[in-house]
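Biologist: Please take a close look at one part of this model for me, the packing of a pair of helices. Then tell me what can be said about the contact between the chains, and how far the prediction can be trusted.

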Amino acid sequence: MSLGWLKSALLSLLFFVVLVGAWHLATLPKGERAAATDEYARLLGKGAKKSEGFPTPAQIGETIVKNLSEPFYDRGPNDKGIGIQLAHSLARVGLGYLLAIVLAVPLGFVIGMSPLVYRALDPFIQVLKPISPLAWMPIALYTIKDSSISGVFVIFICSVWPMLINTAYGVAAVRSDWLNVAKTLEVKPLRRAFQVILPAAAPTILTGMRISMGIAWLVIVAAEMLVGGTGIGYFVWNEWNNLNLANVIFAILTIGVVGMALDLAIGRLQKLVTYVE
Amino acid sequence: MSAFSNPFNPGVRLGAGCDCGRHASQAEHELAVADEPPSGDVETLNRRVIESAVMRALFPRDETRRRFLNAVGSSTALAAVSSFFPFGAIEAMAQDKGTPEKKDLKIGFIAITCASPLIMADPLGFYRQQGLSVQLMKTAGWALIRDKMLNKEHDASHFLSPMPLAISLGTGSAAQPMRVATIQNINGQAITLHSKHKDKRDPKQWKGFKFAVPFDYSMHNFLLRYYVAEHGIDPDADIQIRVVPPPEMVANLRAGNIDGFLGPDPFNQRAVYDEVGFIHILSKDIWNGHPCCAFGVPDAMIKDAPNTFAALYRAVLTAARMARDPKNRELIAKVIAPPNYLNQPETVIEQVLTGKFADGLGNVRNVPDRADFDPFPWHSMAVWILTQMKRWGYLKEDVDYKRIAEQVFLVTDARKYMAQIDMKAPAASYARFKVMGKEFDASAPDKYLASFAIRKAS
């Protein structure tokens with residue numbers, strides 16, 4: 001076990017070195033940069049510290065150190081540190097996601113327990129599910145009249161479907177033996193829901209929540225690029241405007257790391273409720 | 001003292017006679033009640049004077065006014081009269097520098113040099129000087145600028161000068177009365193083409209090109225359409241014009257998504273700086289002195305918070321006055337370049353503002369009036385914009401150009417506040433100007449419109 005782990009870690013490291021090495025070679029400056037001799041070149045920023053072409057791994061490292069050494073600075077409404085931006089994004093995702101849980105889990109329960117409601121609501125769910133959450137943005141902006149609540153709404157609407165469908169499926173798929181036992185023992189409906197169905201369906205529900213979190217984290221970046229203001233998506237957009245690719249790559253890495261952390265956290269929860277039959 | 005008594009009280013008499021009716025004249029009455037001082041502070045009394053004047057004008061016969069007030073109740077009357085008569089605004093005019101009703105303001109802006117005056121007013125402290133605490137909100141695109149103003153998330157905003165006209169008319173959005181307090185900048189735009197088109201300097205070779213403009217209701221859109229149409233290209237049939245937020249223009253040009261754009265600076269200069277494009281023509285060579293962006297406020301602010309409006313007006317005008325002076329341009333470039341505002345290399349901003357720039361073709365050009373910041377909101381500019389909206393089918397119905405122009409572009413206020421900070425304002429509000437050599441006369445807009453061969457078939 002420990003030897004296998006060591007081997008895979010070494011292989012990962014090797015991949016990393018090869019990747020960064022190839023990147024470094026691909027972005028090596030071509031030839032000596034001409035010094036700014038005439039005025040035209042000076043106006044083009046030649047000779048000065050100007051980022052040309054794709055950033056090198058060294059530049060990225062520099063950017064990461066610079067951004068992480070001061071993550072919480074706040075120089076006015078349009079220039080905040082990466083920590084503050086992440087906090088804004090996480091708050092939006094958290095709020096929209098919580099709202100989605102509050103609606104989707106109880107509703108999924110009802111749908112799962114009643115085949116009639118399931119069939120009645122199915123067409124609506126099937127039509128609404130494939131809509132890109134960003135397509136809701138103009139309508140949200142128009143009706144809610146607040147850009148930051150619109151962002152939360154978009155997170156809500158994209159995370160609600162996987163949870164709803166998984167909860168309904170999980171509840172509907174509870175083994176009928178267990179329900180029959182509950183019936184024989186004359187268990188009251190509320191107790192049956194909480195002590196028989198919920199634990200039985202919990203792994204499926206958690207799977208839905210894990211999928212939802214993944215989607216929500218994907219969507220927040222796009223939503224913030226669209227609406228602007230604060231958040232990690234806005235950070236990417238703002239640096240794209242300045243064509244500062246080093247910062248964009250830094251932001252992409254951050255998004256990846258945070259997304260992984262969120263996924264791992266829910267994965268832990270999932271392990272807690274999983275059972276072996 | 002009759003001017004200080006409440007004209008909405010039916011028991012009070014305005015005009016001849018006295019309030020209580022027991023004396024032959026008001027003077028006599030006042031002698032009798034001299035020891036009863038009028039209630040309220042100076043501001044209330046000031047307001048009374050104005051209200052009385054208005055009510056006297058509305059109801060020349062005092063009897064009619066009393067009957068009206070008795071019939072509908074004084075508060076209803078006050079609301080009814082206020083709805084068409086901005087007491088608050090007149091009051092502010094009468095007493096002026098009052099404390100702002102609302103001090104904490106959010107102002108939206110797009111990160112372009114057009115907004116220099118309203119941006120620099122923050123780091124240089126012009127807002128604070130007027131007792132305002134302003135937060136400048138960088139916004140992702142013009143559609144959001146519009147929505148955030150309509151949603152009242154922003155109190156005032158950087159606009160493209162055609163936008164308040166369009167919003168007031170309700171074309172392309174829900175109608176809401178929006179006003180242009182000042183023009184932000186004149187000139188300062190350019191047509192930038194991708195470097196691969198260096199040999200295609202004649203617009204006749206542009207068939208099939210894809211161009212970007214910041215917004216449908218923008219001077220950029222109208223100037224680009226005008227420019228290509230003058231060269232015999234139909235902008236609706238021969239080329240494609242798409243809306244791209246200014247900050248994304250260079251990235252799109254680099255990706256080859258578009259062949260060029262008529263966009264705001266610093267993005268023309270930025271395209272040169274990044275060696276992806278060249279400046280084909282400065283917008284000043286299409287129409288020298290054309291307006292571009294505007295500083296806009298909702299009509300509601302003028303009525304409900306006249307002192308805030310006045311303070312904001314003075315702050316932005318102070319900034320414009322400073323920005324007009326070429327001596328200050330380098331300093332301005334320095335204060336608006338940081339990430340909190342434009343987030344651009346300082347040299348790019350400096351080239352735009354000083355007019356000494358690299359054109360992307362290997363030349364250093366020196367055009368001091370490449371960008372300027374004349375704040376005066378000429379009515380003739382608004383009429384021209386409306387004719388172009390009509391020409392390209394953005395405006396379907398027939399409208400009274402002058403009436404709308406005079407409603408939306410606040411020339412009177414501009415004159416007043418310019419005078420307060422010792423800026424010279426022109427006496428006329430209409431002027432003739434030439435766009436690509438063709439003269440525009442605001443008094444004959446229909447004739448002007450009819451003179452164009454290329455226009456959208458209505």
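Modeller: A word on angles comes before the helices: those under 35 degrees count as roughly parallel, those over 145 as roughly antiparallel, those from 65 to 115 as roughly perpendicular, and the rest as oblique. This is a predicted model, in which local features need pLDDT of at least 70 and side-chain atom pairs count only at pLDDT 80 or more, while totals for chains, interfaces and linings use all residues. Residues are numbered from 1 along each chain as its sequence is written, and chains are lettered from A and ligands numbered from 1 in the order in which they are written.

In chain A, helix α6 (residues 137-144) packs with helix α7 (residues 147-172) at an angle of about 135 degrees, and their axes are 9 Å apart. Helices here are DSSP runs of H or I with at least four residues, strands are runs of E with at least two, and both are numbered from the N terminus; the axes are lines fitted to C-alpha atoms, for helices over the stretch in contact, with angles from 0 to 180 degrees between N-to-C directions. α6(A) and α7(A) are therefore oblique to each other.

Taking contact to mean C-beta atoms, placed from the backbone, within 7 Å, α6(A) brings Met137(A), Ala140(A), Leu141(A) and Ile144(A) to meet Ser147(A), Ile149(A), Ser150(A), Phe153(A) and Val154(A) in α7(A). By class, seven nonpolar, two polar and no charged residues make up this contact of α6(A) with α7(A), where Ala, Val, Leu, Ile, Met, Phe, Trp, Tyr, Cys and Pro count as nonpolar, Asp, Glu, Lys and Arg as charged, and the others, Gly among them, as polar.

Turning to the two chains, 30 residues of chain B are in contact with 23 residues of chain A. Among the elements that give two or more residues to the chain B side are β2 (133-138) and α8 (142-150), and β2(B) gives the most, with four residues. By class, that side has 14 nonpolar, nine polar and seven charged residues.

As to confidence, the predictor gives the complex an ipTM of 0.71 and a pTM of 0.75. Chain B has a mean pLDDT of 82, with 81% of its residues at 70 or more; pLDDT is the predictor's confidence in each residue, from 0 to 100. Over residues 34-40 of chain B, however, the pLDDT is below 50. Where pLDDT is low, the predicted coordinates should not be read in detail.
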